Amino acid sequence: MVGRDVFCRPRIDIPDPLGVLYPRMEQGRREFIKKALYGIFALLGLGSLAGSLRSLWPTGGPQKTLAWFPLLAEDDVPRQGVRKAELVYAVGGNERKGRVFIVSSPDGFIVLSAVCSHLGCLVNYNKGKREFQCPCHGGRYDLTGRNIAGPPPAPLTTLPHRIENGIMIVGMKV
Ligand code: FES
């Protein structure tokens with residue numbers, strides 16, 4: 001008896017002669033639970049529908065603009081081969097760092113972001129194979145940044161660059 005008393009809910013008798021306060025109780029408990037479950041499923045369905053619709057529209061976030069940052073002295077730009085460089089830049093007063101590769105060829109040079117197009121790991125340069133390799137899932141890129149093997153869906157990003165007052169500067173969208 002003691003255990004039963006512990007698990008019994010206290011009974012509160014509030015007069016409701018017109019059935020205004022407890023209309024659902026009159027429909028029976030099963031009916032009420034059924035309707036509550038329908039309501040929950042309807043809400044879940046609306047939530048996932050809203051998520052799907054949202055993915056069809058652009059995020060509407062702030063537009064990124066191209067900003068220029070110094071990379072290294074013109075004299076340090078390689079005349080041949082590949083050179084890794086750290087790019088330090090600021091966004092909204094916060095300092096950030098990025099890794100880039102300067103790839104020289106007889107036609108000039110290009111600056112490649114080291115961010116893998118698959119899931120954003122930083123790629124390394126394999127001098128022996130003359131290609132960029134991602135340590136995360138084995139993605140590989142040739143010297144132009146083109147994705148040649150593994151899961152990366154797109155090339156490495158080529159960054160615009162120019163020489164100003166003896167300094168190589170590169171453009172980043174921030
Ligand atoms: S993050 Fe580079 S291959 Fe997956």
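The following is a conversation between a student and a tutor about one predicted model.

Student: How many helices and strands does the protein chain have, and what makes a stretch count as one of them?

Tutor: A helix has to be a DSSP run of at least four residues and a strand a run of at least two, and on that basis the protein chain of this predicted model has three helices and 11 strands. Read along the sequence, they follow the pattern α-α-α-β-β-β-β-β-β-β-β-β-β-β.

Student: How do you know that strand 4 and strand 9 pair?

Tutor: Two strands pair if DSSP finds at least two bridges between them. Strand 4, residues 108–113, is joined to strand 9 by two bridges, so the requirement of at least two bridges is met and the strands pair. They run antiparallel, and L112 of the one stands opposite T158 in strand 9.

Student: Which strands stand at the edges of the sheet with the order 2-3-4-9, and why?

Tutor: This is an open sheet of four strands with antiparallel pairing. Strand 2 (81–91) and strand 9 (158–159) stand at its edges, because each has a single partner strand, so that one side of each is left without a neighbour in the sheet.

Student: What makes strand 7 and strand 8 a pair?

Tutor: Strand 7, residues 140–141, is joined to strand 8 by two bridges, and since a pair needs at least two, the strands qualify. They run antiparallel, and the bridge partner of R140 in strand 8 is A149. Both strands belong to an open sheet of four strands in the order 5-6-7-8, with antiparallel pairing, where the edge strands are strand 5 (124–126) and strand 8 (147–149), each pairing on one side only.

Student: Why is a set of residues called a nonpolar core, and which residues have the most contacts inside the largest one?

Tutor: The name is used for buried residues of certain kinds, Val, Leu and Phe among them, that are joined through C-beta atoms within 7 Å. The largest nonpolar core has 19 residues, and those with the most contacts inside it are V100, F101, V111, L112, V123 and V170. Strand 3 (94–105), strand 4 and strand 11 (167–173) each supply at least two residues of this core, and strand 3 gives the most, with four residues.

Student: What is V123 in contact with, leaving aside its neighbours within four places in sequence?

Tutor: V123 is in contact with A114, C116, F132, Q133, C134 and Y141.

Student: What share of the protein chain is buried?

Tutor: Buried residues make up 14% of the 174 residues.

Notes:
Residues are numbered from 1 along each chain as its sequence is written. This is a predicted model: local features need pLDDT of at least 70, side-chain atom pairs count only at pLDDT 80 or more; totals for chains, interfaces and linings use all residues. A residue is buried if 20 or more other C-beta atoms lie within 10 Å of its own, exposed if 12 or fewer, and partly exposed in between; C-beta atoms are placed from the backbone. Two residues are in contact if their C-beta atoms, placed from the backbone, lie within 7 Å.
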